[in-house]
Amino acid sequence: MVEFAIIILEILVVFGVLLLLVAYLTWLERKVLGHMQSRLGPHRVGINGLLQPIADGIKLFFKEDVIVTAADKAVYHLAPFIILSTALSTVAVIPFGDTIKLFGYEIPLRIADINIGLLYIFALSSLGVYGIVLAGWSSNNKYALMGGLRSAAQMISYELPLGLATIGVLMQSESLSLGKIVQAQAVQGWFFLPQFIGFLIFFICAVAECNRTPFDLPEAEGELVAGFHIEYSSMKFALFFMAEYASVILMSALTVTLFFGGWLGPDFISCPAWCGPIWFGIKVFIFSFVFIWLRATFPRFRYDQLMKFGWKILFPLSIINIALTAIVMIR
Amino acid sequence: MVRATIKGIWALIKGLGVTVRFFFTRPVTMKYPEEKREPYLRYRGSHILRLDEKGKERCVACSLCATICPAQVITIEPGEGNEHEKYPITFEIDMGKCIFCGYCVEACPKAAIIMSRSYELAEYRRDDLTYDKERLIKAGK
């Protein structure tokens, strides 16, 4: 019974923190983008605009929910929920720290350490693309449809290198469970050094997976106005928005778990087990910052460039990476 | 091909360097109503009608400014004072039409009209954009 209560509490805490982080990632993004473009970013609501996400949330909540008359209603309503729920539920297998002891109870700092954690994440994040495709299709708008189609094509070009880039990690850790992968890194050292090519491929594909610049083709505002979410307003738009930022955090978390030692701190600082979430948070913050940094720097890929890059460069590179890892491991 | 790839990747890294450099420099924008930018010394803002040392207006209603004004925004109605001197009974500038060229300042033989550096000229009503003599004199005090 107590274990059950602990799990429920953990779920509440993790999702609460995640949603708060999602809200404040929008603030961080606007602030960082602003300063990188020699602007100030939001600074009106609260000190340094710290209450801006709350103001935005209230505004979006009270906006009129415009529903397109010609839309395929059921699918139209379902799409934002598919994309957000798949983005949020991947957090369930991310380990934030080792097992800690609190008030005599052993608390594992993850919601569920299932033995196919990585597969689970890939399965769900691929399902998230259905949300985008269905949103694009059901809106009955040519721009939205184009956005959805692009998303589907992009998914095919990027899921493959994304999965293959992690194979090297799996070969070294000999497990699909994210907790075991981190524990393997405690023994073998962080994987980003032996798997540097894998890390680069994985991170590039992670940016594409989150539909972030320079791979934000599904919502390319220059050509497609807003792409797949053009016909969504009010809270439904906010759900797409939240899903994007949630997947940024989750992809950062996954990068950290696979390549940067998850909750492990640097070797020269010894720290008790409760430090794990802090190290993890710092690393995730750094990668979320890199996501924003990339957005501030690079222009969007052209459609054919993106496909070419995915199939002709990333895909062979990831296969070479697997082969190299295998050769080094056998020797 | 290898060379082109390395060159391309280096270009990407250089781009990242540019953004991170700007991240650590001061923004060029300001929190406008709280902070105000100081205009340059020769900035041409709204007009001022100057007074002489005795506190009398310098303008002699010669209408040179009204004549040279390319936008024709200056309206002067001359009158005669107690000692047979000319003075403007009305002196109006329609700021809504003024192009802030500064020709009136150049034309004035008495240096009676000059331009201030004030640039916050917005009004809620269009009528309020027409500055009368009292307002132009008050702007100089």
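In what order do the elements of chain B run from the N terminus on? The order is α-β-α-β-β-α-β-β-α, which comes to 4 helices and 5 strands. Helices here are DSSP runs of H or I of at least four residues, strands are runs of E of at least two, and both are numbered from the N terminus.

The model is predicted: local features need pLDDT of at least 70, side-chain atom pairs count only at pLDDT 80 or more, and totals for chains, interfaces and linings use all residues. Residues are numbered from 1 along each chain as its sequence is written, while chains are lettered from A and ligands numbered from 1 in the order in which they are written.

**Chain B as a whole**

The C-alpha trace of chain B spans about 90 × 30 × 30 Å along its principal axes. Its radius of gyration is 25 Å, whereas a compact globule of 141 residues would have a value near 14 Å; the radius is taken over C-alpha atoms, and the globule rule is 2.2 Å times the number of residues to the power 0.38. Of the 141 residues in chain B, 14% are buried, that is, 20 or more other C-beta atoms lie within 10 Å of their own.

**Contact between the chains**

Chain A places 11 residues in contact with 10 residues of chain B, a contact being a pair whose C-beta atoms, placed from the backbone, lie within 7 Å. On the side of chain A that touches chain B, α1 (2–36) and α10 (276–297) each supply at least two residues. The residues of that side divide into 6 nonpolar, 4 polar and 1 charged.

**A helix pair in chain A**

Helix α5 (residues 142–173) and helix α11 (residues 303–330) of chain A have axes that come within 9 Å and cross at roughly 15 degrees. That angle makes α5(A) roughly parallel to α11(A), a term for angles under 35 degrees. The residues of their contact divide into 18 nonpolar, 7 polar and 1 charged. Nonpolar covers Ala, Val, Leu, Ile, Met, Phe, Trp, Tyr, Cys and Pro; charged covers Asp, Glu, Lys and Arg; the others, Gly among them, are polar.

**Positive phi values**

Two loop residues other than glycine are listed below with their phi values.

| Residue | Phi | Loop |
|---|---|---|
| S38(A) | near 60 degrees | between α1 and α2 (52–62) of chain A |
| F100(B) | near 55 degrees | between β3 (86–94) and α3 (103–107) of chain B |

S38(A) is partly exposed, with 13 other C-beta atoms within 10 Å. F100(B) also counts as partly exposed, with 15 C-beta neighbours inside 10 Å. Partly exposed lies between exposed (12 or fewer) and buried (20 or more).

Conventions: Axes are lines fitted to C-alpha atoms, for helices over the stretch in contact, and angles run from 0 to 180 degrees between N-to-C directions. Angles under 35 degrees count as roughly parallel, over 145 as roughly antiparallel, 65 to 115 as roughly perpendicular and the rest as oblique. Two residues are in contact if their C-beta atoms, placed from the backbone, lie within 7 Å.
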